[in-house]
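Okay, thanks for making time for this. I'll put the sequence and the structure up first, and then I'll talk us through them.

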Amino acid sequence: MSYPTCQHTKSDGILCGSPALRDKLFCYYHQHRAERMPRLTEIPRGESLVLDAINNRINITTNISLVITALASGRIDYRRANHLIRGLELASKSFTQIERLLLLR
């Protein structure tokens with residue numbers, strides 16, 4: 001008996017191969033993982049790159065993903081992406097230092 005298999009491609013280029021959920025393209029793991037992950041959409045040409053507020057680590061990680069996606073799709077140049085990533089790195093380090101100070105109290 002044949003059954004549809006998961007269409008997720010692993011990093012080594014091989015398909016997952018687990019049984020797909022009924023009327024779905026992915027297995028249980030990859031279907032639910034895709035639903036939990038934020039969707040990174042391409043930035044339409046001519047629109048500015050809008051980043052989330054830098055008030056927690058999740059937003060910093062999301063912003064890094066947005067910058068990388070914008071760079072990969074050619075929406076921003078390397079120099080601007082470099083400045084944005086460096087700023088986000090600085091914000092991440094600041095959160096780490098604040099957390100260390102709070103733990104010492």
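**A walk through the model**

Let's start with a single residue: Glu 99 is partly exposed, at 37% relative accessibility. Keep that one in mind, and remember that what you're looking at is a predicted model.

Who is Glu 99 paired with? Its partner is Arg 57, and the two make a salt bridge with the closest N and O atoms 3.1 Å apart. Arg 57 sits in helix 2 and Glu 99 in helix 3, so this pair ties together parts that are 42 residues apart in sequence. Arg 57 is also partly exposed, with a relative accessible area of 34%.

How many salt bridges does the structure hold? Two. The other pair to look at is Lys 93 with Glu 89, with an N to O distance of 3.9 Å. If you're fussy about cut-offs, the limit for a salt bridge here is 4 Å. Lys 93 and Glu 89 are four residues apart in helix 3, which puts about one helical turn between them. As a reminder, an α-helix has 3.6 residues a turn, so residues three or four places apart point the same way. Both ends of this bridge are partly exposed: Lys 93 has a relative accessible area of 48%, and Glu 89 has 42%.

Okay, zooming out. The protein has three helices and zero strands, so if you read along the sequence you get α-α-α. Of its 105 residues, 17% count as buried. The accessible surface comes to about 8500 Å², and 56% of that belongs to carbon and sulfur atoms. For the contact-map people: take the contacts between residues at least 6 apart in sequence, and 33% of them join residues at least 24 apart.

Now helix 3, which runs from 78 to 104. A quick geometry check: at 1.5 Å a residue, its 27 residues should span 39 Å, and the end C-alpha atoms are 39 Å apart, so the two agree. Which residues of helix 3 are buried? They are Ala 81, Leu 88 and Ala 91, and helix 2 is part of what covers them.

Those three turn up again in the largest nonpolar core, which has eight residues: Leu 49, Ile 60, Val 67, Ala 70, Ile 76, Ala 81, Leu 88 and Ala 91. Helix 2 and helix 3 are the elements that give two or more residues to this core. The general background is familiar: in soluble globular proteins, nonpolar side chains tend to be buried together. If you want one residue to click on, try Ala 81, which touches Val 67, Leu 71 and Ile 76, leaving aside residues up to four places away in sequence.

Next, the other end of the chain, and the cysteines. Cys 6 lies in the segment before helix 1, and that helix covers 28-36. Buried or exposed? Cys 6 is buried, with a relative accessible area of 0%. Beyond residues up to four places away in sequence, Cys 6 touches a list of residues that includes Leu 15, Cys 16, Pro 19, Phe 26, Cys 27 and His 30. Cys 27 is 21 residues from Cys 6 along the chain, yet their C-alpha atoms are separated by 5.0 Å. Cys 27 is buried too, with a relative accessible area of 6%.

So how many disulfides does a search of the whole structure find? Zero. For Cys 16, the nearest cysteine sulfur is that of Cys 6, 4.0 Å away. For Cys 27, the nearest is again the sulfur of Cys 6, at 3.8 Å. The cut-off for calling a disulfide is 2.5 Å between the sulfurs.

Two more residues from this end before I stop. Gln 31 is found in helix 1, and at 12% relative accessibility Gln 31 counts as buried. Apart from its neighbours within four places in sequence, Gln 31 is in contact with Leu 21, Lys 24 and Phe 26.

And then there's Asp 23, in the segment before helix 1. Its phi is near 60°, a positive value in a residue other than glycine. Asp 23 is exposed, with a relative accessible area of 77%.

That's my tour, so over to you.

Key
Residues numbered from 1 in each chain as written. Predicted model: local features only at pLDDT ≥ 70, side-chain atom pairs only at ≥ 80, totals over all residues. Heavy atoms only, no water. Buried < 20%, exposed > 50% of the residue type's maximum accessible area, 1.4 Å probe, protein only. Contact = heavy atoms within 4.5 Å. Core = buried A, V, L, I, M, F, W, Y, C linked by side-chain atoms within 4.5 Å. Areas by Shrake-Rupley, 256 points an atom, 1.4 Å probe, with all protein chains shown as cover. Salt bridge = Lys/Arg side-chain N within 4 Å of Asp/Glu carboxyl O. Expected span 1.5 Å × (residues − 1).
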